[in-house]
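Hi! Here is the structure I promised to pass on, so have it open while you read. My notes on what turned up follow right below it.

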Amino acid sequence: MAADFRSLLKENMRIAETGERWFEDLDIGGIFYLSIQASSLHDSTPAELLEDVNTYSAFQVTLQIKPGVILCGKRGAWEKLATCDWMPLFVEDSPILRIAANVPTATVQKIYEDVSACATAHPELLIKKKTVQML
């Protein structure tokens with residue numbers, strides 16, 4: 001089992017007056033960004049700023065394909081995740097971005113593990129830059 005995703009969350013911004021907080025995105029294998037958020041600004045449960053991330057029962061989750069990753073076709077990143085039981089929770093915001101609201105903690109853990117496993121199993125998703133040899 002992978003690390004508890006909550007132990008990986010690093011706060012990078014907080015506005016206590018509004019109850020807003022942002023955690024840094026998790027870089028998953030150079031292929032995905034996984035954003036897991038919880039505060040008054042996010043679709044989390046509860047939708048407020050709590051000091052202990054372990055007290056949230058649901059989080060707002062954003063999954064993004066990083067630049068330089070294959071987006072479509074049988075080798076595409078989304079196709080590799082299409083059969084995951086949690087994928088229907090996500091709404092497409094753009095071709096590279098999917099967002100899910102109020103995702104239960106256990107499901108967020110599963111998303112983290114599945115996305116990590118996908119990145120490990122499919123390094124071919126990264127577009128290889130052609131190198132030019134000088135003669």
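**Gln 60 and its neighbours**

Leaving aside residues up to four places away in sequence, Gln 60 touches Ser 35, Ile 36, Gln 37, His 42, Asp 43, Ser 44, Ile 99 and Ala 100. Before you go hunting for them, keep in mind that this is a predicted model. Gln 60 sits in strand E5. Is Gln 60 buried or exposed? Its relative accessibility is 15%, and buried means under 20%, so Gln 60 counts as buried. For a sense of scale, try Leu 50, which is 10 residues from Gln 60 along the chain: the two C-alpha atoms are separated by 14 Å.

**Strands around E7**

Ile 99, one of the residues that Gln 60 touches, is a handy place to look at strand pairing. E5 and E7 run antiparallel to each other, with 6 bridges between them. Within that pairing, Thr 62 has Ile 99 of E7 as its bridge partner. E7 also pairs with strand E6, residues 91–94, again in the antiparallel sense, over 3 bridges. There, Val 91 is the residue that stands opposite Ile 99. The link from E6 to E7 is a hairpin of 2 residues. One bit of background while you look at strands: in a regular strand, side chains alternate between the two faces of the sheet.

**Helix H2**

Next, scroll along to helix H2, which covers residues 105–121 and has 17 residues. From first C-alpha to last it reaches 24 Å, close to the 24 Å expected at 1.5 Å a residue. Which residues of H2 are buried? They are Thr 105, Val 108, Gln 109, Ile 111, Tyr 112, Asp 114, Val 115, Cys 118 and Ala 119. And what covers them? The cover includes strands E3 (26–28), E4 (32–37), E5 (58–65) and E7 (97–104), along with helix H1 (77–81). So you will meet E5 and E7 again here, as part of that cover.

**Salt bridges**

Now for the charged side chains. Side chains of opposite charge can pair when their charged atoms come close. How many salt bridges does the structure hold? There are 7, and I'll walk you through some of them.

Start with Arg 21 and Glu 11, whose side chains meet in a salt bridge at 4.0 Å, N to O. This pair links distant parts of the chain, with Arg 21 in strand E2 (residues 20–23) and Glu 11 in strand E1, 10 residues apart. Arg 21 counts as buried because its relative accessibility is 1%, while Glu 11, at 35%, counts as partly exposed.

Then find Glu 51 and Arg 14, which form a salt bridge with their closest N and O atoms 2.7 Å apart. Glu 51 is in the loop between E4 and E5 and Arg 14 is in strand E1, so this pair ties together parts that are 37 residues apart in sequence. With 62% relative accessibility Glu 51 counts as exposed, and with 31% Arg 14 counts as partly exposed.

These pairs belong together: Glu 11, Arg 14, Arg 21 and Glu 51 are linked in a network of salt bridges.

Another salt bridge to click on joins the side chains of Lys 66 and Asp 27, at 2.7 Å from N to O. Since Lys 66 lies in the loop between E5 and H1 and Asp 27 lies in strand E3, the pair ties together parts that are 39 residues apart in sequence. Lys 66 is buried, having a relative accessible area of 14%. Asp 27, by contrast, counts as partly exposed at 44% relative accessibility.

**A nonpolar patch**

Last stop: the surface. Which residues make the nonpolar surface patch of about 260 Å²? They are Met 13, Trp 22 and Leu 41. Met 13 has its place in strand E1, residues 11–15, the strand that also holds Glu 11 and Arg 14. Met 13 counts as partly exposed because its relative accessibility is 33%.

Have a look around, and send me your questions!

Note on methods. Residues numbered from 1 in each chain as written. Predicted model: local features only at pLDDT ≥ 70, side-chain atom pairs only at ≥ 80, totals over all residues. Heavy atoms only, no water. Patch = residues over 30% accessible without salt bridge, like charges linked within 9 Å, V, L, I, M, F, W, Y side chains within 5 Å. Areas by Shrake-Rupley, 256 points an atom, 1.4 Å probe, with all protein chains shown as cover. Helix = DSSP H or I, 4+ residues; strand = E, 2+ residues; numbered from the N terminus. Buried < 20%, exposed > 50% of the residue type's maximum accessible area, 1.4 Å probe, protein only. Expected span 1.5 Å × (residues − 1). Contact = heavy atoms within 4.5 Å. Pairing = 2+ DSSP bridges.
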